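Thanks for sharing this one. Here are a few notes to read alongside the model.

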Amino acid sequence: MQRFLAALVVAALPGGAIAVTDADRLQIYHEFRAAFDNRHYQDALPLAQKLVAETEEQYGTADRSLVNPLSNLGTTQYRLHDYKNAEESFTRSVKIVESLGGGADRLLLRPLHGLGAAYYAAGEYEEASVALKRALDLSRNLDGLFNAGQMEILDPLIATWVMLERHDEAERQYEYSLRVAESAYGKSDARLMRPIDKYAHWLERMHRYPNARALYARNLMIAEQIGGPGSVLTITPLEGLARTYRLEYANRTEDEQRPPPDPFATTTDFDPSPANTQRLNTDGEKALIMALQANERAQPIDRLRRGTTLVELGDWYMTSGATPKAVMVYREAWKDLRQVGATGPLDAPRQLAYLPPLAAVVRSKLTDRDEPEEHYVEVSFTVTREGHVTDVAVAATDASESQQRSVVSAIKKSHYSPRIQEAEAVDTQGVKFRERLLSKPSRKSS
């Protein structure tokens, strides 16, 4: 009798196919997860595609049972950097939920988050902001304003605001992320250090160095409470403290560089070289030495982390004008980083000190109300083994001659770390730098 019923079911299916069962799909899912969790994404992809196809066969092409399989497929495509197809998979998943009247359905969280991440990775920041903001609002509506689960949505949303240069919105969300973390974990939990560190890095980018330094100091206190003074947890905040001192010194404006007027001086010339300006705060150097000591106390020594700290220390000495000492530290850093195949930070010159022209986007006083025009100047130059900039030439531009001259002048005054090759500082030709500038709209004759 059972054989007869089985034969009857097979005969009733198109082409005599055997019906897909939940057990079949569950087996495929387990195989998919095994491959995905082991980061074998190429192997996981056909399994994810098969799971979608068999779910469609069992439940149809618009059933909510498809939402998670489509999200699994989209996530796999995302990990394979196939952002276009990932967008399509996540979009289809979102539309299925919406078509069933689920605009506030928890099932929407994952595909909205994935869609936003795919848009962001593809450089479609406006679209990313819409999807991620929607996911964030849904998370807060479902689980409360301070639920910890929203942190994984907040991070990419903040990154999107940063890329769109919506700095006010980015700052609000950075502050909110700290409140969420404090509410979820308390004010002395190690999990609080990550959002603090991210916020501090953003403040560095905005040239708000004292504010960033205060956050790094807070992280240092948390690290010492958890691991004790000199623990490996203190290394990152110590590096941050030192970096804010260095950047604050290196990126000060002309007025901040200029020493107080001397009524007895016989000349008004101003030399901005490190020897003739305010010195770096030595607390930064002390912080980096403490970070190195913390690394060396942890056995075995983490060569990557030690090399990274040494690069920071070399940058410190280079910025202070102690070039021979800086090069010596860079050599030691290169040797550590070579052991772990991570010499990238030393494989090319890096900009350490640069004051943009007044017309640069980051310094311009023009507002949206002025309807400014944006232009660019790309320059090419040589960075010497001492970190000096020479042979500056305009490589490409759509800016006026005066704007070109302002960028060339700024780059000539800038300072770089040298490229380190086989533990030696070397000259590097053909270094490129592009500056964005704003100007008032050009008047066109009627």
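1. Let me begin with a strand pairing. In this predicted model, β2 and β7 run antiparallel to each other, joined over 10 bridges. Within that pairing, Val-379 sits opposite Phe-433 of β7.

2. Strand β2 also has a partner in strand β3 (residues 389-397), again antiparallel, with six bridges between them. Val-379 comes up here too, as its bridge partner in β3 is Val-394. A good place to look, then, is Val-379, which is paired with Phe-433 in β7 and with Val-394 in β3.

3. How many residues lie between β2 and β3 in their hairpin? There are five, and Gly-387 in the turn has a positive phi of about 90 degrees.

4. As for exposure, β2 (residues 373-383) is mostly covered, with eight of its 11 residues buried.

5. Please also look at the largest pocket, which holds about 1400 Å³ of space. Its lining is made up of 34 residues, and Glu-204, Arg-205, His-207, Tyr-209 and Asn-251 are the ones nearest the centre. Two or more lining residues come from each of α10 (193-205), α12 (235-250), β1 (350-353) and β7 (428-439). This brings back β7, the strand that pairs with β2.

6. Which element gives the most to the lining of the largest pocket? That is α12, with five residues.

7. Finally, the chemistry of that lining: by class, 14 of the residues are nonpolar, 13 are charged and seven are polar.

Key
Residues are numbered from 1 along each chain as its sequence is written. This is a predicted model: local features need pLDDT of at least 70, side-chain atom pairs count only at pLDDT 80 or more; totals for chains, interfaces and linings use all residues. Side-chain values use heavy atoms; hydrogens and water are left out. On a 1 Å grid over the protein atoms alone, a cavity is a set of points where a 1.4 Å probe fits but cannot get out, and a pocket is an open set with protein on both sides within 12 Å along at least five of seven lines; lining residues have an atom within 4 Å of a point. Grid points are joined across faces, edges and corners, and a volume is the space filled by probe spheres set on the points. Helices (H or I, at least four residues) and strands (E, at least two) are DSSP runs, numbered from the N terminus. Ala, Val, Leu, Ile, Met, Phe, Trp, Tyr, Cys and Pro count as nonpolar, Asp, Glu, Lys and Arg as charged, and the others, Gly among them, as polar. Buried means under 20% relative accessible area, exposed over 50%, partly exposed in between (1.4 Å probe, protein chains only). Two strands pair if DSSP finds at least two bridges between them.
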